[in-house]
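Here's a quick walk through a single protein model, written for someone who likes to poke at coordinates. Have a look at it before reading on.

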Amino acid sequence: MMRSLPRSVMSGDIRVMRSAHLAYLIALCTFIFDRVTKYLVVSFLDSPIDLGLFHIVHVTNTGITWGLLKGYSVIPIAVSLFVICYILYILKVSPKQPSVMIWVFGLVLGGAVGNLIDRVVYGAVIDFIDLGWWPVFNLADSAIVIAMVLLVYINFFPSSSKTSK
């Protein structure tokens with residue numbers, strides 16, 4: 001006889017605990033997608049590609065968000081290393097985390113590692129998604145932003161199942 005999933009899993013309850021292994025898998029997928037897209041841009045993009053809503057371009061950023069801290073590469077590298085080590089530490093000492101936090105940790109970890117490798121190997125982060133009205137960014141940046149949106153969401157809009165009990 002097969003057991004059905006607990007009601008909290010089916011309803012998306014943020015209190016459902018998940019293993020750190022899922023965070024590592026999310027990080028690995030994020031990292032691979034980031035590296036593959038950057039490889040394609042660096043290897044094959046000769047001129048910008050107009051896709052309507054956005055352009056694919058090849059730019060590098062030696063600073064952080066919006067080009068801040070240009071010329072201070074040691075600061076972003078140090079911050080990236082700290083964030084990566086902190087997430088790995090949290091997942092080591094507390095491998096069971098709420099599902100949403102597993103996603104947050106996985107997305108930030110994969111994005112931070114992807115951009116860290118750019119900084120170490122190329123001396124700058126490779127960016128390629130140009131919306132025209134926003135600074136150019138990459139998939140690692142997108143993963144980190146999605147993780148931050150998830151954090152804001154769970155803090156400002158708590159689960160209805162959490163408040164209804």
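What follows goes from the overall fold to the pocket, then to a few helices and ring pairs.

## The overall picture

First things first: this is a predicted model. The protein has six helices and five strands, and going along the sequence they come in the order α-β-α-β-β-α-β-α-β-α-α.

How much of the protein counts as buried? Of its 165 residues, 35% do. As for contacts between residues at least 6 apart in sequence, 71% of them join residues at least 24 apart.

## The largest pocket

If you're hunting for space, the largest pocket has a volume of about 750 Å³. Its lining is made up of 30 residues, and the ones nearest the centre are Ile-64, Thr-65, Asn-115, Asp-141 and Ile-144. Rolling a probe the size of a water molecule over the atoms is what shows where empty space is left.

Which elements supply at least two residues each to that lining? They are strand 3 (55-61), helix 3 (74-93), helix 4 (99-122), strand 5 (125-130) and helix 5 (139-156). Sorted by chemistry, the lining residues split into 18 nonpolar, nine polar and three charged.

## Helix 2, end to end

Helix 2 covers residues 20-44, which makes 25 residues. Does the length add up or fall short? At 1.5 Å a residue the helix should span 36 Å, and its end C-alpha atoms are 36 Å apart, so the two agree.

Buried residues in helix 2 are Ala-20, Ala-23, Ile-26, Ala-27, Thr-30, Asp-34, Arg-35, Lys-38 and Val-41. Asp-34, Arg-35 and Lys-38 are on that buried list, along with Thr-30. An α-helix has 3.6 residues a turn, so residues three or four places apart point the same way. What covers the buried residues of helix 2? The cover includes strand 1 (17-19), strand 3, helix 3, helix 4, strand 5 and helix 5.

## Two leucines

Leu-81 is found in helix 3. With a relative accessible area of 42%, Leu-81 is classed as partly exposed, because the buried label needs a value under 20% and the exposed label one over 50%. Its C-alpha atom is 8.4 Å from that of Val-113, and 32 residues of chain separate the two.

Over in helix 5 there's Leu-150. Its relative accessible area is 26%, so Leu-150 is partly exposed as well. Which residues does Leu-150 contact, once neighbours within four places in sequence are set aside? Val-100, Trp-103, Val-104 and Leu-107. On top of that, the C-alpha atoms of Leu-150 and Met-101 are 8.5 Å apart, with the two residues 49 places from each other along the chain.

## Aromatic pairs

How many aromatic pairs are there? The count comes to four. One of them is Tyr-39 with Phe-44, an edge-to-face pair with 6.1 Å centre to centre and 85 degrees between the planes. Tyr-39 has 51% relative accessibility, so it counts as exposed, and Phe-44 counts as exposed at 57%.

Another pair is Tyr-153 with Phe-157. This one is tilted, at 5.6 Å centre to centre and 35 degrees between the planes. Both Tyr-153 and Phe-157 are exposed.

Note on methods
Residues are numbered from 1 along each chain as its sequence is written. This is a predicted model: local features need pLDDT of at least 70, side-chain atom pairs count only at pLDDT 80 or more; totals for chains, interfaces and linings use all residues. Side-chain values use heavy atoms; hydrogens and water are left out. On a 1 Å grid over the protein atoms alone, a cavity is a set of points where a 1.4 Å probe fits but cannot get out, and a pocket is an open set with protein on both sides within 12 Å along at least five of seven lines; lining residues have an atom within 4 Å of a point. Grid points are joined across faces, edges and corners, and a volume is the space filled by probe spheres set on the points. Helices (H or I, at least four residues) and strands (E, at least two) are DSSP runs, numbered from the N terminus. Ala, Val, Leu, Ile, Met, Phe, Trp, Tyr, Cys and Pro count as nonpolar, Asp, Glu, Lys and Arg as charged, and the others, Gly among them, as polar. The expected span of a helix is 1.5 Å times one less than its number of residues. Buried means under 20% relative accessible area, exposed over 50%, partly exposed in between (1.4 Å probe, protein chains only). Contact means heavy atoms within 4.5 Å. Rings of Phe, Tyr and Trp (its six-membered ring) pair if their centres lie within 6.5 Å; planes under 30 degrees apart count as stacked, over 60 as edge-to-face and the rest as tilted.
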